[in-house]
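This report describes the pockets of one protein model and a patch on its surface.

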Amino acid sequence: MDSHEILKQTVAKAGVKSVATDMNLSPSLIYKWCEAKGDDLSGADNPLDRLLNLCQVTGNSEPIVWLCEQVNGFFVENFGPDMQDEKEMEVLRMTQCMLKEFSEMLDMVAQSMSNDNGIDKREARDIRAEWEDLKRVAEQFVLGCEMGHFAPRE
């Protein structure tokens, strides 16, 4: 599905006028976001296209990671076609990565507790960051398993 189609579905639920008012934007801009963009089409670069472009030109998906976290989700990077070549090495590497992330989270908890026998808000934020890293790595591994990337060679 294209970005303008996603926005059209999303905006339709609340209504263009309501969204425009809540976002302090003109209804015409919202309508343009919901239209295809091309040579003879009147659509405009929408926020989804711009965010994607930002990630592509910087080579950094952190804005997407942040956005996912803001809506109580998390980002998991897909496997590329090159990852199937070295299945055994990849399984070991990913397992080691999960253990490393888990260890880092446990270290953060232990460090927090050793300071004052409790966990304050800043420490909780740091623990959350480690947990998010662990979830991403573990989910990527499980997704690879489900997609058959580590299946036995025939």
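## Pockets and a surface patch

Helix H7 contributes four residues to the lining of the second largest pocket, the most of any contributor. The model is a predicted one, and the pockets are described from its atoms.

The second largest pocket holds about 170 Å³ of space. Its lining consists of Trp 66, Glu 69, Gln 70, Asn 72, Gly 73, Arg 128, Ala 129, Glu 132 and Lys 135. At least two residues of this lining come from each of H5 and H7.

The largest pocket has a volume of about 270 Å³. It is lined by 15 residues, of which Glu 77, Asp 133, Arg 136, Val 137 and Gln 140 are the closest to its centre. Helix H5 (62-70), helix H6 (87-116) and helix H7 (121-146) each provide at least two residues of the lining of the largest pocket.

The table sets out volume and lining class for both pockets.

| Pocket | Volume | Nonpolar lining | Polar lining | Charged lining |
|---|---|---|---|---|
| Largest pocket | about 270 Å³ | seven residues | two residues | six residues |
| Second largest pocket | about 170 Å³ | two residues | three residues | four residues |

On the surface, Met 1, Ile 6 and Leu 48 make a nonpolar patch of about 290 Å². Leu 48 belongs to helix H4, which covers residues 47-58. Leu 48 counts as partly exposed because its relative accessibility is 34%, and partly exposed residues lie between the limits of 20% for buried and 50% for exposed.

Note on methods:
Residues numbered from 1 in each chain as written. Predicted model: local features only at pLDDT ≥ 70, side-chain atom pairs only at ≥ 80, totals over all residues. Heavy atoms only, no water. Patch = residues over 30% accessible without salt bridge, like charges linked within 9 Å, V, L, I, M, F, W, Y side chains within 5 Å. Areas by Shrake-Rupley, 256 points an atom, 1.4 Å probe, with all protein chains shown as cover. Salt bridge = Lys/Arg side-chain N within 4 Å of Asp/Glu carboxyl O. Buried < 20%, exposed > 50% of the residue type's maximum accessible area, 1.4 Å probe, protein only. 1 Å grid on protein atoms, 1.4 Å probe; cavity = no way out; pocket = protein on both sides within 12 Å on 5 of 7 lines; lining within 4 Å. Points joined across faces, edges and corners; volume = space filled by probe spheres on them. Nonpolar A, V, L, I, M, F, W, Y, C, P; charged D, E, K, R; others polar.
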